[in-house]
There are 2 protein chains.
Amino acid sequence: MATLNRPGAPEGHACGIDTAMEVIGGKWKVLILWALHEYPHRRFGELRRLVPGITEKVLASHLREMEADGIVRRVSYEEVPPRVEYSLTEDGQRLNTALEPLAAWGRERA
Amino acid sequence: MATLNRPGAPEGHACGIDTAMEVIGGKWKVLILWALHEYPHRRFGELRRLVPGITEKVLASHLREMEADGIVRRVSYEEVPPRVEYSLTEDGQRLNTALEPLAAWGRERA
DNA sequence: CTGTATCCTTGGGGATACTG
DNA sequence: CAGTATCCCCAAGGATACAG
């Protein structure tokens, strides 16, 4: 993404906020993150119920992207019927922690 | 926006992250926030230069929304040629502070 | 149960020109 | 200088059906 144009700045250490925004940019990603934090190791169907309104297609693609970004881990148990569990990676946990002040700011709004 | 479906939760205190995401949801908003934090009291044209790539239309509409959300203050000096200065409100400053851990998380990514 | 495959819609954002 | 006014576009999401 774009970065700031910082006249007279050291140049070489971006603000980093843009990087984070790309990762959590999807419409439901922070909600998924939050859900996985409060209810660890959820299955696909459980997540769908935890995040009301999301469609299967979008949940699936969001999970894929979050997995690719290294914040979500997907574990598939080869059973019938199929069982898949999603959880946060270490980086995902840290991201969630980093999100907490922002959540607090949101809560303080009337 | 949507909120989490939290079975067996106290119900009545949402996670708050969704609220914050709505406020910083625009494509360039965090960058504007950051710019206004590092270079307080900027004029329209200066902001345009600080956030390279943004168009006048989008900068204007983003600023309007951020003003409506109470995180940016717009002061117009009735002069010719016109002069307008944008700055962060108290709430905007607190939002920026709340964004810092997220920025740090982004910076730590390789 | 855990997803694809299709098709369709929308609005956020881009380009450009113009105005007080 | 500080913005509107238009027009346009496309990718992110939604709806629904189907599959292993």
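1. B:Ser87 is buried, at a relative accessible area of 6%. Buried here means under 20% relative accessible area, with a 1.4 Å probe and protein chains only. The residue sits in strand β3 of chain B, residues 83–88. Strands are DSSP runs of E with at least two residues, helices are runs of H or I with at least four, and both are numbered from the N terminus. B:Ser87 touches B:Leu36, B:His41, B:Ile71, B:Val72 and B:Arg73, leaving aside residues up to four places away in sequence. Contact means heavy atoms within 4.5 Å.

2. A word on the basis. This is a predicted model, in which local features need pLDDT of at least 70 and side-chain atom pairs count only at pLDDT 80 or more, while totals for chains, interfaces and linings use all residues. Residues are numbered from 1 along each chain as its sequence is written, chains are lettered from A and ligands numbered from 1 in the order in which they are written, and side-chain values use heavy atoms, with hydrogens and water left out.

3. Helix α2 of chain B, residues 29–38, is largely enclosed by the rest of the structure, because eight of its 10 residues are buried. Those residues are B:Lys29, B:Val30, B:Leu31, B:Ile32, B:Leu33, B:Trp34, B:Ala35 and B:Leu36. B:Leu36 is also one of the residues that B:Ser87 touches.

4. How are the chains related? A rotation of 180° with 0.0 Å of shift along its axis superposes chain A on chain B, at an RMSD of 0.1 Å. The two copies are thus related as by a two-fold rotation axis. The same surface serves both copies, as 100% of the contact residues of chain A recur in chain B. Superposition is by least squares on the C-alpha atoms of residues with pLDDT of at least 70 in both copies.

5. Which residues come nearest to DNA strand D? Of the 21 around this strand, they are A:Lys27, A:Lys57, B:Arg64, B:Arg74 and B:Tyr86. A residue is near a strand if one of its heavy atoms lies within 4 Å of it. Of the strand D atoms within 4 Å of the protein, 61% belong to sugar or phosphate and the rest to bases. The surface residues divide into eight nonpolar, four polar and nine charged.

6. Polar contacts to strand D (pairs of N or O atoms within 3.5 Å) reach phosphate and base. The side chain of B:Tyr86 has a polar atom 2.7 Å from a phosphate oxygen. For A:Trp28, a polar side-chain atom is 3.1 Å from a phosphate oxygen. A side-chain N or O atom of A:Lys57 is 2.3 Å from a base oxygen. Elements giving two or more residues to this surface are α4 (56–68) of chain A, and α3 (44–50), α4 (56–68) and β3 of chain B.

7. DNA strand C is surrounded by 19 residues, the closest being A:Arg64, A:Arg74, A:Tyr86, B:Lys27 and B:Lys57. Sugar and phosphate make up 60% of the strand C atoms that come within 4 Å of the protein. A phosphate oxygen lies 2.9 Å from a polar side-chain atom of A:Arg43. Another contact is made by a backbone N or O atom of A:Gly45, 3.0 Å from a phosphate oxygen. B:Lys57 places a polar side-chain atom 2.3 Å from a base oxygen. α4(B) gives the most to this surface, with four residues.

8. UniProt, in an unreviewed entry, places "domain: HTH hxlR-type" at residues 15–110 of chain A. Over this span the chain is 58% helix and 15% strand, with end C-alpha atoms 29 Å apart.

Note on methods. Buried means under 20% relative accessible area, exposed over 50%, partly exposed in between (1.4 Å probe, protein chains only). A polar contact is a pair of N or O atoms within 3.5 Å; within protein, one must be able to donate a hydrogen and the other to accept it, and residues adjacent in sequence count only if both atoms are side-chain atoms. Ala, Val, Leu, Ile, Met, Phe, Trp, Tyr, Cys and Pro count as nonpolar, Asp, Glu, Lys and Arg as charged, and the others, Gly among them, as polar. UniProt positions are given in the numbering used here, feature names are shortened, and annotations may be inferred rather than shown by experiment.
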